[in-house]
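Work through the exercises below with the model open beside you. Try each task before you read its solution.

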Amino acid sequence: MVGALALAVAVLARQWLEASMWRHMVLQFPLLLLTGAAWAGALPPAWQGRSINQYGITGWVAASSILAVLMIPRVLDLALLRPEVEVAKCTALVLAGLALRLSWQPAGRVLQFFFLGNLLAMMAIVGLLYIDSPLRLCNAYLQDDQIRLGQWLVGISSALGLAWLGTVTHEVMQREAQTCAPRQFPAAQDDEKSHSK
């Protein structure tokens with residue numbers, strides 16, 4: 001349901017989303033990624049442990065490569081000019097979302113840190129290039145729109161990084177609290193029962 005809704009918004013509002021460079025990448029891209037992630041949730045559990053995607057490495061590499069290519073300004077221009085590139089872009093983003101969903105848990109925290117750290121760093125660097133470039137990198141969009149997109153990419157990469165670190169910190173603190181919790185010995189438990197009687 002969520003996947004179908006996200007795809008419908010991405011397709012039906014395509015002209016409005018692609019009329020602005022920042023909406024094109026900051027709104028349409030996540031909608032298509034969400035579509036793939038939602039569809040991955042409907043796949044059989046056996047797909048989580050496929051040998052082709054052990055520890056989620058294959059999925060992370062595929063998703064990172066797709067997103068790296070689609071951040072190139074020339075690709076955004078071609079997606080607006082050529083329908084086959086637009087279809088390829090949308091299909092690739094859906095597949096990237098599917099790969100990320102299937103690879104998230106198998107990867108574990110260490111591999112998540114490695115791949116997510118690289119992906120977010122790449123987003124921030126691309127954002128800074130969009131902000132600092134004296135030239136208009138996309139022929140289809142104005143330079144003000146390019147700068148706005150750069151600001152969004154830097155902000156989103158920072159927010160996602162902090163959210164992931166916050167989640168990991170919370171999990172570690174919970175685990176430490178459970179480990180350090182005082183354990184009652186059987187004799188103490190018997191005393192408590194006798195007192196309660």
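The exercises go from the overall fold to single side chains.

**Exercise 1. Describe the fold of this predicted model.**

Solution.
- Start with the secondary structure. The protein has eight helices and zero strands.
- Next, take burial. The protein has 197 residues, and 36% of them count as buried.
- Then look at the contacts. Of those between residues at least 6 apart in sequence, 74% join residues at least 24 apart.
- Finish with the surface. About 12000 Å² is exposed, and carbon and sulfur atoms supply 68% of it.

**Exercise 2. Find the annotated transmembrane regions and check the secondary structure of residues 25-43 and 55-73.**

Solution.
- The unreviewed UniProt entry places "transmembrane region" at residues 25-43, 55-73, 111-131 and 151-168.
- Residues 25-43 are 89% helix and 0% strand, with end C-alpha atoms 27 Å apart.
- Residues 55-73 are 79% helix and 0% strand, and here the end C-alpha atoms lie 32 Å apart.
- Helix α4 covers residues 57-70 and contains V61.
- V61 joins Y55 and I57 in a nonpolar surface patch of about 290 Å².
- V61 has a relative accessible area of 40%, so this residue is partly exposed.

**Exercise 3. Decide whether E18 is buried or exposed, then trace its salt-bridge partners.**

Solution.
- Locate E18 in helix α2, residues 14-18.
- Apply the cut-off: buried means under 20% relative accessible area. E18 has 6%, so E18 is buried.
- List its neighbours. Leaving out residues up to four places away in sequence, E18 touches H24, Q28, L80, E86, K89 and Y141.
- Pick out the salt bridge. E18 pairs with K89 at 3.0 Å, N to O. This pair links helix α2 to helix α6 (residues 83-132), across 71 residues.
- Check K89. Its relative accessible area is 2%, so K89 is buried.
- Move on to E86, which forms a salt bridge with K89 at 3.3 Å, N to O. The two are three residues apart in helix α6, so about one helical turn separates them.
- Put the pieces together. R14, E18, E86 and K89 are linked in a network of salt bridges.

**Exercise 4. Work out which parts of the chain the salt bridge between R109 and E171 joins.**

Solution.
- Read the distance. The closest N and O atoms of R109 and E171 are 2.6 Å apart.
- Place the partners. R109 is in helix α6 and E171 in helix α7 (residues 143-180), so the bridge ties together parts 62 residues apart in sequence.
- Check exposure. R109 is partly exposed at 29% relative accessibility. E171 is partly exposed at 28%.

Definitions and conventions: Residues numbered from 1 in each chain as written. Predicted model: local features only at pLDDT ≥ 70, side-chain atom pairs only at ≥ 80, totals over all residues. Heavy atoms only, no water. UniProt positions renumbered as here; feature names shortened; annotations may be inferred. Helix = DSSP H or I, 4+ residues; strand = E, 2+ residues; numbered from the N terminus. Patch = residues over 30% accessible without salt bridge, like charges linked within 9 Å, V, L, I, M, F, W, Y side chains within 5 Å. Areas by Shrake-Rupley, 256 points an atom, 1.4 Å probe, with all protein chains shown as cover. Salt bridge = Lys/Arg side-chain N within 4 Å of Asp/Glu carboxyl O. Buried < 20%, exposed > 50% of the residue type's maximum accessible area, 1.4 Å probe, protein only. Contact = heavy atoms within 4.5 Å.
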